[in-house]
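This report looks at selected helices, strands and contacts. The sequence and structure are shown below.

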Amino acid sequence: MIGIVVKNISDLYFVKCNENIYQCKAKGIFRKDNFIIKVGDSVEIDLNDKIIIKVNKRKNELIRPSIVNVDQALVVVSAINPPFSDLMLDKMLCIIEYNNIKPIICITKMDLLDDKNNIEKYINYYKKIGY
């Protein structure tokens, strides 16, 4: 049966198949080959023994957090406290775009700004380039 790894605690993997979640161990070959199963992996499990027997090909992988097969990412940045950083936002967008993930930008604490004109120019810029 094919499922998605939704949680990992030590060597125990929680795999969602249909609407059920199964606690599975991994076959020893993964440890022997130094292959690390990550959250988001599409896996094939043996339901009788509750063992992951195969990991399907990954479409992308992030190191921090350690997840795979990501479709979209929400990038949350502050307008104030800490101050808005277009450099940090650009860095995150580059990493996300490089991994073929759809980014969504969320700017928080807009209500705390006295003058929204400064942040509006950034909002317009990112909208103009497709975000």
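## Helix α2: two sides

Leu87, Lys91, Cys94 and Tyr98 are exposed and sit on one side of α2. On the other side of the helix are buried residues, namely Leu89, Leu93 and Ile96. These three cover an arc of only 65° around the axis, which puts them on the same side of α2. An α-helix has 3.6 residues a turn, so residues three or four places apart point the same way. The model is a predicted one.

Helix α2 runs over residues 86–98, which is 13 residues. At 1.5 Å a residue the helix should span 18 Å, and its end C-alpha atoms are 18 Å apart, in agreement with that value. Just after α2, Asn100 has a positive phi of about 55°.

## Surroundings of α2

The buried residues of α2 pack against three elements: β8 (72–78), β9 (102–108) and α3 (117–128). Two of these, β8 and β9, form a right-handed β-α-β unit with α2.

Strands β8 and β9 run parallel and are joined by 7 bridges. Within this pairing, Val76 stands opposite Cys106 in β9.

## Helix α3

Helix α3 has 12 residues. From its first C-alpha to its last it reaches 16 Å, close to the 16 Å expected at 1.5 Å a residue. Ile119, Ile123 and Tyr126 are buried in α3. Seen down the helix axis, the buried residues of α3 fall within an arc of 70°, so they line one face of the helix.

The face of α3 turned away from this buried side carries Asn117 and Lys128, both exposed. The cover over the buried residues of α3 includes α2 and β9. Contact between the two helices therefore also appears from the side of α2, whose buried residues pack against α3 among other elements. Just after α3, Gly130 takes a positive phi of about 105°.

## Ala26 in strand β3

Ala26 belongs to strand β3, which covers residues 20–26. Is Ala26 buried, partly exposed or exposed? Its relative accessible area is 24%, and because buried means under 20% and exposed over 50%, Ala26 counts as partly exposed.

Leaving aside residues up to four places away in sequence, Ala26 touches Tyr13, Ile37, Ile51 and Ile52. The C-alpha atom of Ala26 is separated by 7.7 Å from that of Leu12, and the two residues are 14 residues apart along the chain.

Key
Residues numbered from 1 in each chain as written. Predicted model: local features only at pLDDT ≥ 70, side-chain atom pairs only at ≥ 80, totals over all residues. Heavy atoms only, no water. Helix = DSSP H or I, 4+ residues; strand = E, 2+ residues; numbered from the N terminus. Buried < 20%, exposed > 50% of the residue type's maximum accessible area, 1.4 Å probe, protein only. Contact = heavy atoms within 4.5 Å. Expected span 1.5 Å × (residues − 1). Arc of directions from axis to C-beta. Pairing = 2+ DSSP bridges. Right-handed = clockwise from strand over helix to strand, strands pointing away.
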